Each structure stands twice: as structure tokens, then as C-alpha cells.
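Please read the account below with the sequence and the model side by side, following the chain from its overall order of elements to its sheet, its pocket, its charged pairs and its unusual backbone geometry.

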Amino acid sequence: KQWYQRRVRGVHAAAVRMALARPVVNVYGIDGTVSTTTTKTPDVFTAPLRPDILNFVHDQMRKNSRQPYAVSGKAGHQHSAESWGTGRAVSRIPRVSGSGTHRSGQGAFGNMCRGGHMFAPTKTWRRWHRRINVQQKRYAMCSAIAATGVPSLVMARGHRVDYIPELPLVVSNEMESLKKTK
């Protein structure tokens, strides 16, 4: 058995939706005509279609290209502010000292104050990257390749494959001799 044909999270691989792959595919020439030869479809096109694993792996791998960001450690604390204490019928939040400006007497430092720090300031030591199991990455790759052999799924992605004779499309080795495409 191939590794992707084994049991998957308690569900037997036969119960998992499989790609609709033909056993053989036609080989097309560079002029678009069908040649007399056919070739066996690779086994990867019969791999189970698991969009849940594919989405999970893609989501985790996207996190590995993030750069750390954080607010300044001094943000929201660049005032000389002190609480007025109790007995003044105002809250005990620190207030900007001084007089002669609108800012003096206003609340400071707190996350509920204008110009204060944010709640739970972001830190650069957040866990930005994710480790993904090698088996899961391989499974997701096989599932993605198998999905490219299903025309309805390819069309659902927005690709125009109406005029392509069949998927997967196999072209003869004459293609490598082309120097220009137009």
C-alpha cells in the first residue's frame, strides 16, 4: 500500500473521496492532434482529495513568511502623568500634569484613554512561524496534484479549461524542441 492509501484519522482511505482518474491518458502532439500512444496515469492522481488537510497545511505554511511586528515599548507612556488620588470625584487614572493646555488634566497611560497605551501591547516574541509535519505536507501535495486531474474542480478555481481536450493533459516530447511560443 502507498502511504496515502493507509488509514487517515480513523477513516479508511476508501471512504475518503477519491479523484476521478482514468487509468490511461492520451498523448497529444504539438499541433494538438492525438497521437496513437497512450501513457499510464501516475498513481498520485488517485490520491484522496482532502481539502481539510490541504487548507490546514497551506494556512500553516503562509504563516512562515510573516515578519515580526510590535508597538514601541514607550508608546502611551511619554507623558509626565500621575494620579490625583481619591477625594476629587474623578477616576484614579493617571492624569497629565501642568496647566495652560487642553492636554493637562486629561487621563493618560491607560488603554481606555486617548493617547494611552494599547491593551496587551504586541511583542516581537510572539510565535510567528509554524512547524508542519512532513507527512501532512506530502499528503497535501498529493491531494493538490490529484485535484488538478478533476476538470470540475479546476473550473471551480476559475481556470478556463473548456477547450482543453482532457485533464491531465500530456504533451509529447516534441514540445521541448520549440524555441518560440508565437
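Read from the N terminus, the elements of the protein follow one another in the order β-β-α-β-β-α-α-β, and this succession comprises three helices and five strands. The model is a predicted one, and the values given here are computed from it. Of the 182 residues in the protein, 26% count as buried. Among the contacts with a separation of 6 or more, 58% are between residues that lie 24 or more positions apart.

The sheet is a convenient place to begin. In general, the strands of a sheet pair through backbone hydrogen bonds, and they may do so parallel or antiparallel. Here three strands form an open sheet in the order 2-1-5, with mixed pairing. Strand 2 (34-40) and strand 5 (170-171) stand at the edges, and because each has a single partner strand, one side of each is left without a neighbour in the sheet. Strand 1, made up of residues 24-28, runs antiparallel to strand 2 and is joined to strand 2 by four bridges. The register of this pair can be followed through individual residues, since Asn26 stands opposite Thr38 in strand 2, while Val24 stands opposite Lys40 in strand 2.

The hairpin of strand 1 and strand 2 has five residues between the strands, and within this hairpin Gly32 takes a positive phi near 95 degrees. Gly32 belongs to the loop between strand 1 and strand 2, and its relative accessible area of 49% makes Gly32 partly exposed. What separates the C-alpha atoms of Gly32 and Val171 in space, and how many residues apart are they along the chain? The two C-alpha atoms are separated by 8.7 Å, although Gly32 and Val171 are 139 residues apart along the chain.

From the sheet one may turn to the largest pocket, which holds about 410 Å³ of space. Its lining consists of 15 residues, and the closest of these to the centre of the pocket are Leu54, Ala144, Ala147, Leu153 and Arg157. Helix 1 (51-62), helix 2 (134-147) and helix 3 (151-156) each contribute at least two residues to the lining of this pocket. By residue class, the lining of the largest pocket divides into eight nonpolar, four polar and three charged residues.

The charged side chains form the next part of the picture. Side chains of opposite charge can pair when their charged atoms come close. How many salt bridges does a search of the whole structure find? The search finds three, and they can be taken in turn along the chain. Lys40, the residue that stands in strand 2 opposite Val24, forms a salt bridge with Asp43, with the closest N and O atoms 3.2 Å apart. Lys40 counts as exposed at 56% relative accessibility, whereas Asp43, at 41% relative accessibility, counts as partly exposed. A second salt bridge pairs Arg50 with Asp52, where the closest N and O atoms are 2.8 Å apart. In this pair Arg50 is buried, with a relative accessible area of 10%, while Asp52 is partly exposed at 40%. The remaining salt bridge brings together the side chains of Asp59 and Lys63, at 4.0 Å from N to O, and Asp59 counts as partly exposed at 39% relative accessibility.

Some features of the backbone remain to be considered. Most residues other than glycine have a negative phi, and most peptide bonds are trans. Against that background, Ala89 has a positive phi, near 60 degrees, and is placed in the loop between strand 3 (81-82) and strand 4 (95-96). Phe109, likewise not a glycine, has a positive phi of about 75 degrees and is found in the loop between strand 4 and helix 2. Is each of these residues buried or exposed? Ala89 counts as exposed, at 83% relative accessibility, whereas Phe109 is buried, with a relative accessible area of 17%. Further along the chain, the peptide bond that joins Leu167 and Pro168 is cis, with omega about -5 degrees, and Pro168 has its place in the loop between helix 3 and strand 5.

Conventions
Residues numbered from 1 in each chain as written. Predicted model: local features only at pLDDT ≥ 70, side-chain atom pairs only at ≥ 80, totals over all residues. Heavy atoms only, no water. Buried < 20%, exposed > 50% of the residue type's maximum accessible area, 1.4 Å probe, protein only. 1 Å grid on protein atoms, 1.4 Å probe; cavity = no way out; pocket = protein on both sides within 12 Å on 5 of 7 lines; lining within 4 Å. Points joined across faces, edges and corners; volume = space filled by probe spheres on them. Nonpolar A, V, L, I, M, F, W, Y, C, P; charged D, E, K, R; others polar. Pairing = 2+ DSSP bridges. Contact = heavy atoms within 4.5 Å.
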